[in-house]
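This report describes one protein chain, part by part. Please keep the structure in view while reading.

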Amino acid sequence: MDATVELAQELIRRPSVTPDDAGCQAHIAELLSATGFHTESLVFGDVTNLWARHGDAAPLIVFLGHTDVVPPGPLSDWTTPPFVPTIKDGMLYGRGAADMKGAVAAFVQALIAFVRHHPAHRGSVGLILTSDEEGVARDGTVQVLRTLAARGESIDYCVVGEPSCSEFLGDTVKHGRRGSLNGDLVIHGIQGHVAYPERADNPIARFAPALQALVSTVWDAGSTDFPPTRLQFSNIQAGTGADNVIPGSLRALFNLRYAPTTPAPILRERIEQVLAAHGLRYTLTWRLSGEPFLTGDGPLKTALAASIGAETGREPAYSTAGGTSDGRFVAPFGTEVLEFGPLNASIHKVNEAVGVGDLARLTRIYEGTLERLLGA
Ligand SMILES: [Zn+2]
């Protein structure tokens, strides 16, 4: 059987629900050590991370991924058990098959194959794996990058293995991501009896027109590389449960996925202006979960595109759509970062799966990218 498929099965068998790595990284470290990689486990809080490197010189190209998976949900919804890897009709089923144990297995086998073919390669190749990408992402990639930067290990090129393709392997590369800004808003009113509204101040009635104004605001028109900025409310709560009490406050959570055209400080200001214009008394707490980034043309983009073309005959489209990824932590270091992985149709769903043939091709694409950058 193909080495990547075999390793992917080995990883799926370990129920590594965030932040538990369940031994995935130790298994990978063993494989890489046997090939001459220097490997190191970096533990922060309850999060296990793996750093592996072969070579000391620049440039350094790093594969970035995660061994944790989202919970499987009710087991009865799965056709086959989520942590029992099952191959059926050319697909490998199991939690994490597509997001992203398949790509992690492809990374590892590509690194091993590359080092075997080029024991004295130029530059360095490396792998960063975290076990909290699907969680709060506080003690994972961010901390590893800080540790490496403090040691002077700077990453020139980074490929993130998140599932980027939609219809066919090779159809999409993510070359940036929108920013993500969260607001936690409390509207203050005065609690009272519904029969005596003149003695109360209803935060629901006060907030309704402001809510309408916020959701209908056009923040920007986007750009060639980014869709327009969007605001979505995700939670709204008010009331005691009793039908004769005007609540004293209302709490609403919202998120903005934003294009770099409208930076976060501008968005914050505009939103506060809307709230002020509606005469609201409020408390608003902001949390920025990711700055937007965009990767321009560079050697990695050229190498990855050529490698995808050679293996699939496709010319990938470049997109910034979708959720944030750990790529957002890498970009600020000046690293050329791109995301390329398998099809994303089944991620975070029941019966998650990846094409068996795609895993072999993905491995050759990753290896081909290393060849083109460092093999000469
Ligand atoms: Zn993922």
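Strand β10, residues 179–188, pairs with β15 in the antiparallel sense over eight bridges. Within this pairing, isoleucine 187 stands opposite tyrosine 282 of β15. Both strands belong to an open sheet of four strands, in the order β12-β14-β10-β15, with antiparallel pairing. The edge strands are β12 (230–238) and β15 (282–290), each of which pairs on one side only. On average, neighbouring strands of this sheet are turned by 15° against each other, direction ignored. As with everything below, these details come from a predicted model.

**The chain as a whole**

The chain holds nine helices and 19 strands. Its C-alpha trace spans about 80 × 45 × 40 Å along the principal axes. Of the 376 residues in the chain, 45% are buried. Among contacts between residues at least 6 apart in sequence, 80% join residues at least 24 apart.

The domain assignment gives domain 1 (3–177 + 292–375) and domain 2 (179–290). The centres of domain 1 and domain 2, taken over C-alpha atoms, are separated by 37 Å. Where the domains touch, eight residues of domain 1 are in contact with ten residues of domain 2. The side of domain 1 that touches domain 2 divides into three nonpolar, three polar and two charged residues.

**Strand β2 and its partners**

How many residues of strand β2 (residues 47–54) are buried? Eight of its eight residues are buried, and the strand is mostly covered. In a regular strand the side chains alternate between the two faces of the sheet. In β2, Val47, Asn49, Trp51 and Arg53 point one way, while Thr48, Leu50, Ala52 and His54 point the other way, and all are buried.

Strand β1 (residues 38–44) runs antiparallel to β2 and is joined to it by seven bridges. Glutamate 40 stands opposite tryptophan 51 of β2. The hairpin of β1 and β2 has two residues between the strands, and glycine 45 in this hairpin takes a positive phi near 60°. Strand β2 also pairs with strand β6 (residues 124–130), antiparallel and with five bridges. The bridge partner of arginine 53 in β6 is glycine 126.

**Helices**

Helix α4 (residues 141–150) has buried residues at Thr141, Gln143, Val144, Leu145 and Leu148. The buried residues of α4 pack against β1, β2, β3 (60–66), β6 and α8 (327–330). Just after α4, glycine 152 takes a positive phi of about 80°.

Two packed helices are described by the angle between their axes and the distance between the axes. The axes of helix α2 (residues 24–33) and helix α3 (residues 97–117) come within 10 Å and cross at roughly 10°. Because angles under 35 degrees count as roughly parallel, α2 is roughly parallel to α3. Ile28, Leu31 and Leu32 of α2 make the contact with Val108, Leu111 and Ile112 of α3. The residues of this contact divide into six nonpolar, no polar and no charged.

**Valine 337**

Valine 337 has its place in strand β18 (residues 336–339). Is this residue buried or exposed? A residue counts as buried if 20 or more other C-beta atoms lie within 10 Å of its own; valine 337 has 29 other C-beta atoms within 10 Å, so valine 337 is buried. Although valine 337 and cysteine 158 are 179 residues apart along the chain, their C-alpha atoms are separated by 4.7 Å. Leaving aside neighbours within four places in sequence, valine 337 is in contact with Cys158, Val160, Thr295, Gly327, Val330 and Ala331.

**Backbone exceptions**

Most residues other than glycine have a negative phi, and most peptide bonds are trans. The table lists places that depart from this.

| Place | Feature | Value |
|---|---|---|
| Alanine 58 and proline 59 | cis peptide bond | omega about -5° |
| Aspartate 99 and methionine 100 | cis peptide bond | omega about -10° |
| Histidine 348 | positive phi | phi about 60° |
| Asparagine 351 | positive phi | phi about 55° |

Proline 59 is found in the loop between β2 and β3, whereas methionine 100 lies in helix α3. Histidine 348 is in the loop between β18 and β19 (353–355), and asparagine 351 also has its place in the loop between β18 and β19. Histidine 348 counts as partly exposed, with 15 C-beta neighbours inside 10 Å. Asparagine 351 has 16 C-beta neighbours inside 10 Å and likewise counts as partly exposed.

Definitions and conventions:
Residues are numbered from 1 along each chain as its sequence is written. This is a predicted model: local features need pLDDT of at least 70, side-chain atom pairs count only at pLDDT 80 or more; totals for chains, interfaces and linings use all residues. Two strands pair if DSSP finds at least two bridges between them. Axes are lines fitted to C-alpha atoms, for helices over the stretch in contact, and angles run from 0 to 180 degrees between N-to-C directions. A residue is buried if 20 or more other C-beta atoms lie within 10 Å of its own, exposed if 12 or fewer, and partly exposed in between; C-beta atoms are placed from the backbone. Two residues are in contact if their C-beta atoms, placed from the backbone, lie within 7 Å. Angles under 35 degrees count as roughly parallel, over 145 as roughly antiparallel, 65 to 115 as roughly perpendicular and the rest as oblique. Ala, Val, Leu, Ile, Met, Phe, Trp, Tyr, Cys and Pro count as nonpolar, Asp, Glu, Lys and Arg as charged, and the others, Gly among them, as polar. Domain bounds come from an automatic or database domain assignment.
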